[in-house]
Amino acid sequence: MNGKFRGLLLLGAALLGSCYGFSPPRVMSSPAYKQHVPSAAKLVSSSAKQTRNTNLYSSAAVSVTDLQAVSPPERLNKLQSAVVRTLMVAFIMSMCVALPVTLFPVWVLYRLNIINRVQKEMISLRVGQFCSRWLMRLFPFARKKVIVEPETLTEPQPAIWVCNHISMLDLFFVLALDKKMRGKNRRPIKCLYWKGLESNPITCLLCKMAGFIPVDMSDNGNGNANEYDPKSFKQMLRSTKNAIKDGFDIAILPEGQPNPTPEAGLQPVFSGAFTLAKMSRRPIQMIALHGLHKMWHPDENIGMVCTARDMAARVYPGSRVYKDAEEFSSTFSAVVGHFGAHGTDLDDTELQLWLDGTMWETELSRRAATRMTAEDVVDDEESKPSKVEEGARSTSP
C-alpha cells in the first residue's frame with residue numbers, strides 16, 4: 001500500500017511538473033565571478049553554463065541566489081498560464097489573510113506602549129517581508145533570480161534606493177527578496193507610495209503599520225503624466241526627514257507609476273530621488289526589476305494574463321552621489337531601463353562607464369562641443385559681409 005501511494009505521488013508530481021514547467025532550483029551562495037564568463041564558468045556545471053545569461057555579470061563579483069534556468073524566458077501555454085495565474089491569486093488572497101493576522105499582535109503591543117513607534121514600524125516591515133517570502137514559497141507562481149554584489153550584502157550603508165516600476169507585484173517581490181537583495185545586515189527601509197493604495201484595506205494596513213510615506217497624486221491611469229498635489233510635499237519631506245533621523249533608508253520609484261511599456265524603456269524619470277539624496281546627504285543605489293509585467297501587467301487591458309513566470313532583480317554595485325538631477329535620471333534610464341526591458345545588463349564596458357559617471361561626463365563634453373560648433377557657425381555667419389555691403393564695394397571706384 002505504501003509503495004502504491006508513493007508511486008501515485010511521484011506520478012502526480014511528474015504530471016504537475018510537465019504541465020507547469022518546474023525545474024529544480026539552483027541556489028548558489030555568493031560565488032565570486034570574474035569579469036569574463038569563461039573563468040566564472042569553472043565554478044559551475046556545464047549544464048548551468050548553457051542556461052546562464054552572460055550579460056548578467058558585471059566586472060565586479062556577483063552573487064546569484066535562487067538561480068534557475070530562466071534564460072531565455074519560457075513562453076507559457078494556456079494550461080501553464082492558468083496554473084500560474086491560480087497560484088498568483090492564491091498568493092495574493094493569502095497575503096490578505098496573513099497580514100492582518102500577523103500584524104495584529106504588533107498593533108496590540110504598540111497600543112499598550114510595550115513597543116514604541118519606531119519598533120512598531122521595524123517589526124511590521126519584517127512581518128510583511130516574512131509573509132511575502134514564505135507565501136511565495138507556498139504558492140511558487142514565479143521563478144526568481146537575484147543578482148547582487150557581495151559587498152552590498154556585507155557592508156550596508158545608508159542610501160536612497162531607487163527602482164523601476166513594472167507591475168502591481170513589485171511591492172510583494174521587493175518585500176520577499178529584500179533579504180537576498182540587501183543582505184542579513186540590511187538597514188530598515190521605508191517606501192514612498194501612492195496614497196491611492198490606501199483604498200485597499202490590506203495595503204493600507206501594511207503601509208500604515210510599517211510607516212511608509214504617502215505621496216498624493218491623481219489617479220489618471222498608468223502611462224499618463226503624473227499630477228501631484230503640491231500641498232502634500234511638505235508633509236512628505238517632513239516624514240522623510242523623520243525616517244532618516246530614525247535610522248531608516250528610503251526607497252522611491254522615480255517613474256511615479258507602473259510602466260505600461262517596460263519593453264520600450266522607462267517612463268519619464270522624476271527628480272524626487274535626487275532631491276531626497278541631496279537633502280539627506282546620502283548616495284543613491286539602484287535596483288532593477290524584470291519580468292513581473294508578464295504575470296500582472298500594468299495595462300488594465302492585459303492585467304493578469306500570465307505569459308511567463310520568470311523574474312529577475314538586479315542590485316547594482318556601489319552607491320553614488322550625483323551632481324545634478326539630469327545626471328541621475330540619465331544614468332537610471334540607461335542602466336535600469338535596459339535591464340527592465342531585456343533582463344540583461346548593458347555591455348560590461350558601457351555599464352561601468354555609466355556607473356562611475358564617465359559616460360555622463362562624455363555626454364556633457366559632447367554637448368559642449370556641439371554648442372561651441374553652433375556658436376562658431378553663428379559667428380561665421382555674422383562675420384560674412386551682407387549682400388548690400390558686397391554691392392557697395394563692387395560699385396565703389
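Colleague: A patch consists of residues with over 30% relative accessible area and no salt bridge, where like charges are joined within 9 Å and nonpolar side chains (Val, Leu, Ile, Met, Phe, Trp, Tyr) within 5 Å. Which residues make the nonpolar surface patch?

Modeller: The model is predicted, so local features need pLDDT of at least 70 and side-chain atom pairs pLDDT 80 or more, while totals for chains, interfaces and linings use all residues. Numbering starts from 1 along each chain as its sequence is written, and side-chain values use heavy atoms, without hydrogens or water. The patch covers about 290 Å² (Shrake-Rupley, 1.4 Å probe, only the protein chains shown counting as cover). Its members are Leu-109, Leu-112 and Ile-114.

Colleague: Where is Leu-112 found, and what is its relative accessible area?

Modeller: Leu-112 sits in the loop between α4 (78–111) and α5 (helices, H or I, have at least four residues and strands, E, at least two, as DSSP runs numbered from the N terminus). Leu-112 is exposed (over 50%; buried is under 20%, partly exposed in between), with a relative accessible area of 57%.

Colleague: What distance does α5 reach from its first C-alpha to its last?

Modeller: Helix α5 has 22 residues. Its expected span is 32 Å at 1.5 Å a residue (1.5 Å times one less than the number of residues). The modelled helix is close to that value, reaching 31 Å.

Colleague: Which residue meets Arg-117 in a salt bridge?

Modeller: Arg-117 belongs to helix α5 (residues 117–138), and its partner lies in the loop between α9 (231–245) and β6 (249–252), so the pair ties together parts that are 129 residues apart in sequence. Arg-117 is partly exposed at 35%, and the partner is also partly exposed, at 26%. The N to O distance in this salt bridge (Lys or Arg side-chain nitrogen within 4 Å of an Asp or Glu carboxyl oxygen) is 2.9 Å. The partner is Asp-246.

Colleague: Are Asp-345 and Arg-314 buried or exposed?

Modeller: These two residues form a salt bridge, with the closest N and O atoms 3.0 Å apart. Asp-345 occupies the loop between α11 (325–342) and α12 (348–355), whereas Arg-314 is in strand β8 (residues 310–315), 31 residues away. Both Asp-345 and Arg-314 are buried.

Colleague: How many residues apart are Glu-363 and Arg-367 in helix α13?

Modeller: The closest N and O atoms of their salt bridge are 2.9 Å apart. Glu-363 is partly exposed at 21% relative accessibility, and Arg-367 is partly exposed at 28%. In α13 (residues 358–383) the two are separated by about one helical turn, being apart by 4 residues.

Colleague: How many salt bridges does a search of the whole structure find?

Modeller: Some of the charged residues form a network of salt bridges. That network links Asp-178, Arg-182, Arg-186, Arg-187, Asp-249 and Arg-282. For the whole structure, the number of salt bridges found is 18.

Colleague: Which residues of β2 point the other way from Arg-143, Lys-145 and Ile-147?

Modeller: In a regular strand, side chains alternate between the two faces of the sheet. Strand β2 (residues 143–148) is mostly covered, with 6 of its 6 residues buried. Arg-143, Lys-145 and Ile-147 point one way, and the other way point Lys-144, Val-146 and Val-148.

Colleague: What is the bridge partner of Arg-143 in β8?

Modeller: Strands β2 and β8 run parallel and are joined by 5 bridges (pairing needs at least two DSSP bridges). Within β8, the bridge partner of Arg-143 is Asp-310.

Methods. Buried < 20%, exposed > 50% of the residue type's maximum accessible area, 1.4 Å probe, protein only.
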